[in-house]
Amino acid sequence: MGDFNYPEIDWGNSTARTVNGNKFINLLHDNFMSQVVEEPTRNHAILDLVISNERIANVQVVEPLGNSDHNVISFDVWCRKQIYTGATKTMNFRKANFSSLRAALQGIDWGIMFSDKNTEQKWLSFKMILNHYCSQFIPLIRKSRSVKNQPMWLNSEVKKLIGKKRKAFKKYKSEGTVDAFNDYKHYNKCCKTAIWKAKIENEERIAAEAKTNPKKFFKYINSKKMQVEGVAPLSYNNNMVTADTEKADVLNQFFSSVYTVEEPVGQVPPNSCTVASAPTTQWLAQDMVLKGLHTINVNKAPGPDGIHPRVLRELGAELQWPLFLIFSDSLSSGMVPRDRKKSNVIPIFKKGVRSQPGNYRPVSLTSVVGKLFEGLLRDHIQNYVVENAIMSSNQHGFMKDRSCQTNLIAFYDEVSKKLDSGDAVDIIYLDFAKAFDTVPHKRLLSKLRSIGLSEVVCTWIENWLQDRVQRVVVNGTFSTWSKVLSGVPQGSVLGPLLFNLFINDLGEGIMSNVSVFADDTKLCRPVNSIQDVTSLQQDLDQLAIWAAKWQMRFNVDKCKVMHLGCKNMQAPYTLNGTALGKSLMEKDLGVLVDNKLGCSKQCQAAAARANKVLSCIKRGIDSREEGVILPLYRALVRPHLEYAVQFWSPVLKQDIIELERVQRRATKLVKGMESLSYEERLAKLGLFTLEKRRLRGDMITMYKYIRGSYNNLSNVLFTSRSFQRTRGHPLRLEEGRFHLNIRKGFFTVRAVKFWNSLPESVVLADTLYNFKKGLDGFLASEGIQGYGR
């Protein structure tokens, strides 16, 4: 700690304006260090830093002492790893006898077993029988939580050699002979070799599963750290709560405090949107249940019912029939087993001060069997919504063929067009307070019925939402159960779709351009006169009326306005009588957007995030083999550099170099590549430059818009050429004119010219796979590495 004098570093985004500042940030990342001071320590700059690889809590910047012009920093240091006592028993699948378990389940007549029973009784019988046979054929293994956990690479062979080495050392200490010393040296050498081999084998397994199970990598990295991430001591009633049970109760009390107390049924306002009622015919089939069982993610945790997802996936053929009977009866009767109304809530830290309960997000772990049926019901509702065109075109969240990238491209294409034409534009960023947790159930059900969902489905959803209970889990300890009065469970499969349907009419009557991704809402409008400002304010008032009608709350402190354009009037806006704060830069769906629509800040932030993960690989992974480093880079580092990159693709040379530097650094980690040039390393490893990958990604995205899954979004973004007299393929587009460089670099402008130059055989490919194949061949034959090259 001390005065490092780096005022140019933005510690909130880990970015810097100078080369030395970026080198300093990379140095910290390489050594697993973090800087924890977030407030200015001298004037408006953060000059005095506290850097550590340990957990630092309660950081405060207070008044300076004496004549010093630097503020005093106080903080608490956790000097040792947290001690978790106790033990748990889990299934030892390595010694499981699944063949005998299958044979036992095949001998059960589930029709007779379930006769004259309701849904709850059927479920309890099924769970009792499954647990009985699992206890017979799947042994349990005791896992303790202690100060020193065993390394992930430690296997039985290494344990035996360590034991032999200890015996040889004791023998040498007692006898002191040359033979005893030689025996000890032999076992010590064998032990080191076995440990190295075990580490490499473990890291190869981690790399092979990095794309499907990244948790395994971060678990391995965190096991090497001195600090343990989790729930920090919490501030409650001016006291610090440190016991796990007390922390669980404090968090549970806070999570329960945000629920909406809904008005009586008679006061629920009707929804104006109605369509024909959905058919009530049977849609659930046994093969759907089997397909769902075979796609269960075995790396997920079991819910409160204790049924492990590995068991369900392994025994899919044997369990499909009883589960189909339970699901069918549950749907027809509307009865939901009590186990599926229980949730274990895991608090996930978001950002800010770890001691504040409000900085933790509740994620519900629910029954895996319940999630299976929710997934089938979600697909049924989704098909009905698509067939009847119910969902608003403004909604991009949790929708098939929609994403964060489609949301950003569609919204900011309109903004950049207006700026390019000389208009001033105001963007309003809105934030709902605890959106998923405050959805009122009766109002939600009124909307579901208004869109024509069958009464059978609505009744099931109503019973699924009623009488739900939850408890918070902290380090294996549980809080007391508490009732869930509102909201859709975060972590459920059905919840996101229900939330989308609830806010589907948010944009009705709004004259401004509205864009929604789940609960992230923004609207924009050209503001060239007082009338335009008044219209935008009226739209805000309309949204406030909507929120009051449906008992949702805006977090006004987090709602911001961004003024764009050199002629902007900088007009003030209010929401619920409170003035909105002005912002020069916002993080929109994970992408930094500033009032110039530049991408430099986003490039720096993306490179910083990627460098942080790459540092974990460099320091935490012992192997330098291509089979380990390359899969980890592809699965864990490169996605940070390419998330929604079609929206914010860099234009300036310095930004292009900044991103490429990450891949240069990653390829140097591979054994034998240190002395080769960057181009030689790429050729040997079978990689493209990031610039070429962005060009390739642009063309793949263009294909999706013109011929693929995004086709219904292309009409507003692109215009087909009105005449085709010159040579070229028949799907050429009009190349838009522009006045500003920000418009020139935008996806819908920069990608069109290259799209028009592609060969007809590539563009007219019948599938996306064939398009990619033809595109790669064209880029290779022409030696194209990026735009203009």
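This passage walks through two helix pairs, one sheet and one annotated region of a predicted model.

Two packed helices are described by the angle between their axes and the distance between the axes. Take α4 and α11 to start with. Helix α4 covers residues 119–137 and helix α11 covers residues 316–333; their axes come within 9 Å and cross at roughly 160°. An angle over 145 degrees counts as roughly antiparallel, so that is how α4 runs relative to α11. The crossing of α4 past α11 is left-handed. On the α4 side, the contact is made by T119, K122, W123, F126 and L130, while α11 brings in L319, P322, L323, I326, D329, S330 and S333. Sorted by character, the residues of this α4–α11 contact come out as seven nonpolar, three polar and two charged.

The other pair sits further along the chain numbering, with α18 at residues 600–620 and α21 at residues 653–668. Here, too, the axes come within 9 Å, but the crossing angle is roughly 10°. Angles under 35 degrees count as roughly parallel, which means α18 is roughly parallel to α21. From α18, the residues in contact are S600, C603, A606, A607, A610, N611, L614 and S615; they meet Q654, D655, E658, L659, V662, R665 and A666 of α21. The tally for the α18–α21 contact is eight nonpolar, four polar and three charged.

Now for the sheet. Five strands make up an open sheet with mixed pairing, in the order β19-β20-β15-β21-β24. At the edges lie β19 (513–517) and β24 (581–582), each of which pairs on one side only. Inside the sheet, β15 (residues 425–430) and β21 (residues 560–564) run antiparallel and are joined by five bridges. One bridge puts Y429 opposite its partner K560 in β21. Helix α17 (residues 530–549) packs on this sheet, where α17 touches β15 and β20 (520–526). The direction of α17 makes about 160° with that of β20.

As for annotation, an unreviewed UniProt entry lists residues 329–580 as "domain: Reverse transcriptase". Across residues 329–580, the chain is 36% helix and 21% strand. The C-alpha atoms at the two ends of that stretch are 51 Å apart.

Definitions and conventions:
Residues numbered from 1 in each chain as written. Predicted model: local features only at pLDDT ≥ 70, side-chain atom pairs only at ≥ 80, totals over all residues. Heavy atoms only, no water. Axes fitted to C-alpha atoms, helices over the stretch in contact; angles between N-to-C directions. Helix = DSSP H or I, 4+ residues; strand = E, 2+ residues; numbered from the N terminus. Parallel < 35°, antiparallel > 145°, perpendicular 65-115°, else oblique. Left-handed = near helix turned anticlockwise from the far one by under 90°. Contact = heavy atoms within 4.5 Å. Nonpolar A, V, L, I, M, F, W, Y, C, P; charged D, E, K, R; others polar. Pairing = 2+ DSSP bridges. UniProt positions renumbered as here; feature names shortened; annotations may be inferred.
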